[in-house]
Amino acid sequence: MLIPKIKKKSILSMLEKDLRLDGRSPNQYRDISVHVGVIEKAEGSALAKIGNTVALVGIKVGVGTPFPDLPDQGVLAVNAEFVPLAFPTFEPGPPDENAVELARIIDRSLRELDVVDLKKMTIIPGEKVYIIWLDIYVLDHDGNLTDACMLASMAALLNTKVPKAEADDRGFIKLNKDEATPLLVNRRVVIVSIGKVGGKLIVDPNLEEEQVLEAKLSISIGDNGVVAGMQKTGLSSFTQEEVEKAVEIASDKSKELFAVIDEALKKPSSLWEALRDNG
Amino acid sequence: MSSEDKIVLIDEKGRRIDGRGPEDLRPIRMEIGVLKNADGSAYVEQGGTKVIAAVYGPREVHPRHLAFPDRAAIRCRYHMAPFSTSERKSPAPSRREIELSKVIREALESVVFTQLYPRTVIDIFIEVLQADGGTRCAGLTAASLALADAGIPIRDLIAAVAVGKIDGVLVLDINETEDEHCEADMPMAMAPSFNEIVLLQLNGVLSPEETSKAIELGKKGIMKIYELQKETLKKKYELSTRRSQVVT
């Protein structure tokens, strides 16, 4: 999608005065809402909205064989689908490079901090382990998918209940949903994306702003304050000073996102409510 | 189903496993305009089934050889989210999803004035977010609302419901458990104002008499869903006029 040059000009000239087209300040997120438990059939789920961007995450827990090099660990699989309902140019078919990149950014952030305690997810060591399928569904794209998808993923993991694995008389492992325990989550992580335009840094760029960004840096921040991952995207570059400034902003903004997750976890919601909540 | 794992689907009082009578629909709620980017969208909940539909178009066709010189092409994708089912479903389209996309498209195409938009395409996307039986029917109900929300001229809405036969009784709007154990499952969709049946499938066995009765029963459910669809559209219209009155 092309935005007229005239709009680019106004975005840049307003940023000179530290203003943005939608009335935000450079370090301000759009309205955020997170709802958990929206897909009752999934073992965990959450819907996150940042402005008009909507991400739905569902978690399914299954049984499978471990990776040969990690026989005593459960498996976490993160997948993202940019479904064609979300945006005029999203097409049916297997995930494209953007969807794969997004899924991998989230996957790395979760893995590096041991967010999910995979060592406790074995059923028969070396043979049977839990597989946690984390499927991200982008329903509406208005920029900054990374932060919204990470937020929904984190909230969905915290909403996940792991069914008890039981062997039947023939030795087959079955999952008993009636006896489920909360997924062991060691840490929380969020991503704060910071765009660079006209030499200025802006938090949570919307779609319109993303079209004119020179570059973007998505920074994963753990709830212990560490930087748990970074991804620079876009054709232009950052200086070291800009990266340092971005990390500082991200650390600060991460607190807001953790607070939104805390609030969402207080009570399970419904998809009906979640879709109608505009922050 | 073997007899040992047979479960009671209708008790001696004629109540179904979720407490409904044979001719009861599950609770239904619907809303249009839930997505911002799509030209039209709708969300429909029918019991535990949750579907969302979006429409883009009429728009340019790529690749161009798919365009028709005299009418719009309609493309439709019915797709289930990986987390919508009891066991995770692979996101790659299954043979079932491909078939359902086709019959849903044909049903919808019967009411769209495609000749108004030659050389364009109308894309209809249906995502099943939670599956609890009757997903193609809820998908059709949602897709026709999304077409209306997109402002695409249609002769009629499409309302759909599945009729089943369980424990020898014809029942309306079967859920997943009933679907798994039923003797017959007959999804049907209609353009209700024209009394036209635009989708009809049968999986299972019915006698000719039962077939007529099943269609009668389906029609009853479809008329109720149709009324809800019209209410949903009217509600949005009324709200938006009220809002514009406040502004002016």
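1. In this predicted model, a good place to begin is helix α2 of chain B, which spans residues 135-149 and lies across β1, β2, β3, β4 and β5 of chain B. The direction of this helix runs at about 40° to β3(B).

2. The strands just named belong to an open sheet of 5 strands in chain B, and reading across that sheet gives the order β1-β2-β3-β5-β4, with mixed pairing. At its edges stand β1 (28-32) and β4 (73-80) of chain B, each of which pairs on one side only. From one strand to its neighbour in this sheet the turn is 15° on average, when direction is ignored.

3. Within the sheet of chain B, it is worth following one pair of strands: β2 (residues 40-46) and β3 (residues 49-60) run antiparallel and are joined by 7 bridges. As an example of how residues face each other here, B:Ser41 stands opposite B:Ala54 in β3(B). Another helix, α1 of chain B (residues 95-109), also packs on the sheet, where it touches β4 and β5 (120-130) of chain B, and its direction makes about 140° with that of β4(B).

4. Where in chain B should a reader look for cis peptide bonds? One of them joins B:Gly57 and B:Pro58, with omega at about 0°, and B:Pro58 has its place in strand β3 of chain B. Another joins B:His62 and B:Pro63, with omega at about -10°, and here the proline, B:Pro63, is found in the loop between β3 and β4 of chain B.

5. Turning to chain A, one finds an open sheet of 4 strands in the order β10-β9-β11-β12, and the pairing is antiparallel. Because β10 (200-203) and β12 (227-233) of chain A stand at the edges and have a single partner strand each, one side of each is left without a neighbour in the sheet. Neighbouring strands of this sheet are turned against each other by 25° on average, again with direction ignored.

6. In that sheet of chain A, strand β11 (residues 215-222) is joined to β12(A) by 6 bridges, and the two run antiparallel; A:Ile219, for instance, stands opposite A:Met230 in β12(A). Helix α2 of chain A (residues 97-112) lies across β9 (189-197), β11 and β12 of chain A, and runs at about 160° to β12(A).

7. A backbone detail of chain A also deserves a look: A:Asp18 has phi near 60°, which is a positive value in a residue other than glycine. A:Asp18 is placed in the loop between α1 (5-16) and β1 (32-36) of chain A.

8. How many residues does each chain bring to the contact between them? Chain A gives 33 residues and chain B gives 34 residues. The area buried between chain A and chain B is about 2,900 Å², and carbon and sulfur atoms give 61% of it. A:Lys41, A:Leu85 and A:Trp272 together supply 27% of the area that chain A buries against chain B, which is more than any other three residues.

9. The polar side of this interface includes 4 salt bridges between chain A and chain B, one of which brings together the side chains of B:Lys50 and A:Glu40 at 3.2 Å, N to O. Across the interface there are also 18 residue pairs in polar contact. On the side of chain A that touches chain B, the elements that give two or more residues are β3 (53-64), β4 (75-82), β6 (128-140) and α6 (271-276) of chain A. Sorted by class, that side of chain A has 19 nonpolar, 6 polar and 8 charged residues.

Definitions and conventions
Residues numbered from 1 in each chain as written. Chains lettered and ligands numbered in written order. Predicted model: local features only at pLDDT ≥ 70, side-chain atom pairs only at ≥ 80, totals over all residues. Heavy atoms only, no water. Contact = heavy atoms within 4.5 Å. Buried area = accessible area lost by both parts, 1.4 Å probe. Polar contact = N/O pair within 3.5 Å; in protein donor to acceptor, adjacent residues only side chain to side chain. Nonpolar A, V, L, I, M, F, W, Y, C, P; charged D, E, K, R; others polar. Pairing = 2+ DSSP bridges. Axes fitted to C-alpha atoms, helices over the stretch in contact; angles between N-to-C directions.
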